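Reader: I have a model open on my screen and would like a friendly walk through one of its residues and one of its sheets. Could you help me read it?

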Amino acid sequence: MDRTSDNGTLDKQSALRSLPAVHKLISSHLAAHLIEMYSKKWVTEAVEEVLSSLRQMWAGDSKPDEAWWKDRISETGIMASVHNLLKKRTRPVLREVLNLTGVVIHTNLGRAPLSERALNAVSSVARGYSNLEYDLQKGQRGSRHDLVEQRLCQLTGAQAAMVVNNNAAAVFLVLRELAQGGEAVVSRGELVEIGGSFRIPAIMEESGVGLVEVGTTNKTHLADYRRAITENTKMLLRVHTSNFRIVGFTERPALAELAETAKEHGVYLYEDLGSGALIDFRSYGIGDEETVMQSLRAGVDVVSFSGDKLLGGAQAGIIAGKKDIIGRLKKNQLARMLRVDKMTLAALEATLIDSANPDCAPRTIPVPRMLTETATAVRERAEVLVKFLHEELAGREEALGLQPEEAFGLQLIEDTGRVGGGALPLEELPSTALELKVKGVSSQALFDGLRQLGDPPVIGRLVEDRVRLNVRTLLPGEEEICAHSVAHVVRQLLHSHA
Ligand SMILES: *Cc1c(COP(=O)(O)O)cnc(C)c1O
């Protein structure tokens with residue numbers, strides 16, 4: 001915006017004198033509304049700040065454009081700036097973003113978006129009081145652990161279940177209760193690191209469990225486990241190799257064989273399932289993931305998995321297995337520290353209700369929905385996004401003195417989506433992306449601009465020096481909001497380069 005052109009007759013002294021006084025602005029009817037929302041103190045401070053920044057415009061030799069200045073120093077102009085300042089100041093740092101990376105369970109972007117049912121459940125128990133620890137039948141103190149236990153048992157076939165803060169906490173609690181002071185046997189092919197800070201060897205050390213590594217990276221035989229079992233052995237631990245696959249010449253014993261060996265030697269078999277699918281994604285042609293139920297059916301004593309990976313619920317660690325084991329875990333002092341709050345339980349229970357209907361779950365829960373959406377459906381949504389973008393940007397080229405098609409380029413291309421969250425790392429989800437170009441703006445600047453100036457921020461990918469917006473992870477109904485945000489950024493970038 002050109003604020004310094006020399007076409008006015010305004011001189012500095014009279015311009016500064018024409019600024020309205022603070023007390024007058026504060027007592028205006030425009031201020032009353034803001035004072036009600038933000039308090040008199042905040043509004044006064046913001047008014048002073050806006051006035052001071054207006055005075056700054058005359059610092060040195062600068063001379064604002066007269067019409068622009070008049071507009072800005074009107075009561076309406078100043079109070080609009082005040083409102084914007086207060087809005088900016090009270091905007092949460094944690095905010096909604098649009099995920100156009102194509103990575104469904106995106107750890108940096110909050111993993112699983114919740115279902116409608118989960119959102120409603122959270123809002124209804126968070127707004128008022130709830131029976132979090134109150135048994136409505138008996139009218140006495142109840143346990144928060146019991147709230148979702150029955151549903152978890154029905155879905156997994158387990159005798160008992162409980163919920164803690166996340167799966168990392170679940171692993172820690174199980175190791176601590178069942179194997180502290182003793183040893184756990186783990187295959188060298190399963191000593192994984194997940195998300196940087198979670199490493200199986202480190203968490204075992206932290207929980208006071210001796211790690212006994214067996215086999216090799218690609219092959220571990222049943223005999224390796226059997227040889228490693230001593231009187232110190234408390235547990236055989238199987239870890240899901242969530243975020244990588246060893247392909248080719250590989251071998252490991254079947255879970256049922258491990259279960260038999262564990263039983264024979266009187267030690268526990270615990271499987272850290274990582275994602276823990278309740279729905280069989282293989283029936284949708286996705287992945288090779290066994291369900292939680294299949295793991296338990298193979299004879300595992302206890303399993304744990306995340307609430308916000310393939311399950312698509314809230315951040316939580318779910319532990320399911322034998323009744324006596326879960327009973328011990330619930331009594332462990334750590335369970336009190338690792339417990340989840342009512343909002344998590346509400347979201348989780350709602351997600352479990354949806355999961356209990358496997359025909360509906362891939363429609364009602366966002367994560368399974370995004371994973372199973374057909375390539376055609378993704379393409380159709382991409383076309384809707386393009387249509388909205390054209391509407392938003394129509395006419396902008398002329399306004400900027402550019403020929404249409406010159407100012408920006410939109411192109412639909414085939415792209416690949418990913419499951420993410422350290423689940424099914426080899427799975428490629430066929431997808432459509434929007435490739436975006438803006439005249440005179442580098443791809444890096446566009447990519448950064450979408451993230452920094454977008455409202456909501458638009459998170460895409462930079463592939464071979466092109467900005468790609470993968471539509472698989474754009475939630476249905478967000479096409480218009482996304483187009484609006486992208487267009488807003490494109491206009492700002494075009495302006496600053498025009
Ligand atoms: C993701 C994962 C974890 C950690 O789960 P969080 O819910 O992120 O705490 C632990 N183990 C495995 C195998 C995982 O894939």
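**Asp224 and the seven-stranded sheet**

Author: Happy to: a polar contact of 2.9 Å joins the side chains of Asp224 and Arg227, where a polar contact is a pair of N or O atoms within 3.5 Å, one able to donate a hydrogen and the other to accept it, and residues adjacent in sequence count only if both atoms are side-chain atoms. Please keep in mind that this is a predicted model, in which local features need pLDDT of at least 70 and side-chain atom pairs count only at pLDDT 80 or more, while totals for chains, interfaces and linings use all residues. Residues are numbered from 1 along each chain as its sequence is written, and side-chain values use heavy atoms, with hydrogens and water left out.

Reader: Which backbone nitrogen does the side chain of Asp224 reach?

Author: Asp224 is part of helix α11, residues 222-228. At 2.8 Å, its side chain reaches the backbone nitrogen of His221.

Reader: Is Asp224 buried or exposed?

Author: Buried means under 20% relative accessible area and exposed over 50%, with partly exposed in between (1.4 Å probe, protein chains only). Asp224 has 15% relative accessibility, so this residue counts as buried.

Reader: Which strands stand at the edges of the open sheet?

Author: The seven strands follow the order β5-β13-β12-β11-β10-β6-β9, with mixed pairing; strands pair if DSSP finds at least two bridges between them, and strands are DSSP runs (E, at least two residues) numbered from the N terminus. Two strands have a single partner each, so one side of each is left without a neighbour in the sheet: β5 (160-164) and β9 (210-214).

Terms used: Helices (H or I, at least four residues) and strands (E, at least two) are DSSP runs, numbered from the N terminus.
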